[in-house]
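This report walks through a single protein chain for a reader who has not met it before. It takes up strand pairing, then helices and cores, and then the aromatic rings.

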Amino acid sequence: MSHYYTSTFKITLIFPLLFVLGGCLGTKEIQSEVYITALGIDYSNDKYHLYFQAFGFTNVAGSDPSIASEPAPIVVGHGEGETIQGAIDDIEKNSVNPLYYGHIQTFFISKNVLDGHLDEFFDFFSRDYYLRYNTLAYGFEDDIKEIMNVHGLFYKPPILTFPYDPNEQLFFNSFISTSTVQDMIKRYYEPVGSIMVPSIKISEDYWMEDNKSKNILKISGAYFLSQQNLNGWLNEEELSGLDWFNKDFNKMKLSIKDKSVSMFIDNIDYHIEIEGNKIPKYIINLEIKASIRENPKNIEKEAIENDIKNIILSQFQSTFNKGLDINSDIFNFSEKAYRFKSQSWTIDEFNSITDNSIQKFNINVFIKDEGAKK
């Protein structure tokens, strides 16, 4: 009798284990899938063109992908269709391995899509549960295939380069806050303000690798949209005034070249007051804290503070006017007025940004560290 119960107990334990193991039979091995890390989207000749940047785990398994003795292979796929989903179907039908979209970190969006086709892009985005709203977004006008085929320095794969993880690369050079798909969607249907989409390009002017010019990707400027329309593009230099309104910056560098003064901007703080009768007017209050790194001519602190004020005013005015040239409220002053005084003006009045909209610009500069003097 005892033997009978023991056998029954063993059988009872085995059957659940068989079901558990059976549930794993359909699971794909990690090396059998193609992991898409970036999508490039373009529109031309009445068709959507999707470019898929991908990598597999076969070449990185058991190793540190940040260190390589030779360039990691870059795989770029291309599909086209009358719709975005049609372009995806096109590439999936011609893929050797199943595609996995859960690792997409970056979208490259062409000027052609920004100009009149973002509705379709947002509709596609909202229906694909693999895509995340915090995915970084960049605009482009150059050949997307070339952009997607740029390795990082030291043979690093693209996934370890600037467009995927910009925080380190922008540590000392952040004139633009990075933009996500969520940022774009949040402002796309707003009646005031503008959307800024950083643009990216290939540059070969700064680095050499193996004694050859090395291509890198860098921010070239930004596209601006408002009320579902593309207004235009401004280059990096034209957007220098945005430096002083980016609270997410990290220790910005500043030089006063004619005086050989070099410094860090340690802290930026600002608030905007809204006034006006017929249209909104703005009073800007900006506070800057800085540290001098180099001052070989022993320039007085007060003179340096005054120079900083002049640089800020010049850069701001230039960027503000460039925005007016493309009918864009680059600094989104109208958005602040609309949020806090929505009953005070009409939509047209909120959007009436002119060169007289800035009533006053108060700048206070404090140098907290004068650095080593010669």
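## Strands and their partners

In this predicted model, Ile41 stands opposite Ile109 in β5. The pairing behind that match is between β1 and β5, which run parallel and are joined by four bridges. Strand β4 (residues 99-100) also runs parallel to β1, with two bridges joining them, and here Tyr35 stands opposite Tyr100 in β4. Ten of the eleven residues of β1 are buried, so the strand is largely enclosed by the rest of the structure.

A pairing in the other sense is found between β8 and strand β9 (residues 229-235), which are antiparallel over six bridges, and Ala222 stands opposite Leu234 in β9. Two residues lie between the strands of this hairpin, in which Gln227 takes a positive phi near 45°.

## A helix with a buried face

Helix α4 (residues 118-127) has Leu118, Phe121, Phe122, Phe124 and Phe125 buried. Seen down the axis of α4, its buried residues fall within an arc of 160°, so they line one face of the helix. The elements that cover these residues include β1 (34-44), α2 (84-93), β5 (106-110), α3 (111-114), α7 (181-188) and β8 (212-226).

## A partly exposed loop residue

Asn149 lies in the loop between α5 (144-148) and α6 (166-169). With a relative accessible area of 39%, Asn149 is partly exposed. Beyond residues up to four places away in sequence, Asn149 touches Ile74 and Val76, and its C-alpha atom is separated by 9.2 Å from that of Pro73, although the two are 76 residues apart along the chain.

## Two nonpolar cores

In soluble globular proteins, nonpolar side chains tend to be buried together. The largest nonpolar core here has 43 residues, and those with the most contacts inside it are Trp244, Ile265, Ile304, Phe316 and Phe333. Two or more residues are given to this core by each of β8, β10 (252-256), β11 (261-275), β12 (281-294), α8 (301-325), α9 (333-340) and β13 (358-369). A second, separate core of 35 residues includes Tyr101, Val113, Leu118 and Leu230.

Which residues does Phe333 touch, not counting residues up to four places away in sequence? They are Ile272, Tyr282, Ile284, Phe316, Phe320 and Ile358.

## Aromatic rings

A pair of aromatic rings is described by the distance of the centres and the angle of the planes. The structure holds 27 aromatic pairs, including the two set out here.

| Pair | Centre to centre | Angle between planes | Arrangement |
|---|---|---|---|
| Phe245 and Phe331 | 5.0 Å | 70° | edge-to-face |
| Phe316 and Phe320 | 5.7 Å | 25° | stacked |

The pair of Phe245 and Phe331 links distant parts of the chain, since Phe245 lies in the loop between β9 and β10 and Phe331 in the loop between α8 and α9, 86 residues apart; both are buried. Phe316 and Phe320, by contrast, both lie in helix α8, four residues apart, about one turn of the helix, and these two are buried as well.

One aromatic cluster is formed by Phe245, Tyr270, Tyr282, Phe316, Phe320, Phe331, Phe333 and Phe361. Arg293, for its part, lies over the face of Phe264, at 4.7 Å from the ring centre.

How values were computed
Residues are numbered from 1 along each chain as its sequence is written. This is a predicted model: local features need pLDDT of at least 70, side-chain atom pairs count only at pLDDT 80 or more; totals for chains, interfaces and linings use all residues. Side-chain values use heavy atoms; hydrogens and water are left out. Buried means under 20% relative accessible area, exposed over 50%, partly exposed in between (1.4 Å probe, protein chains only). The arc is that of the directions from the helix axis to the C-beta atoms. Contact means heavy atoms within 4.5 Å. Two strands pair if DSSP finds at least two bridges between them. A nonpolar core is a set of buried Ala, Val, Leu, Ile, Met, Phe, Trp, Tyr and Cys residues joined through side-chain atoms within 4.5 Å. Rings of Phe, Tyr and Trp (its six-membered ring) pair if their centres lie within 6.5 Å; planes under 30 degrees apart count as stacked, over 60 as edge-to-face and the rest as tilted. A charge sits over a ring if NZ of Lys or CZ of Arg is within 6 Å of the ring centre and within 35 degrees of the ring normal.
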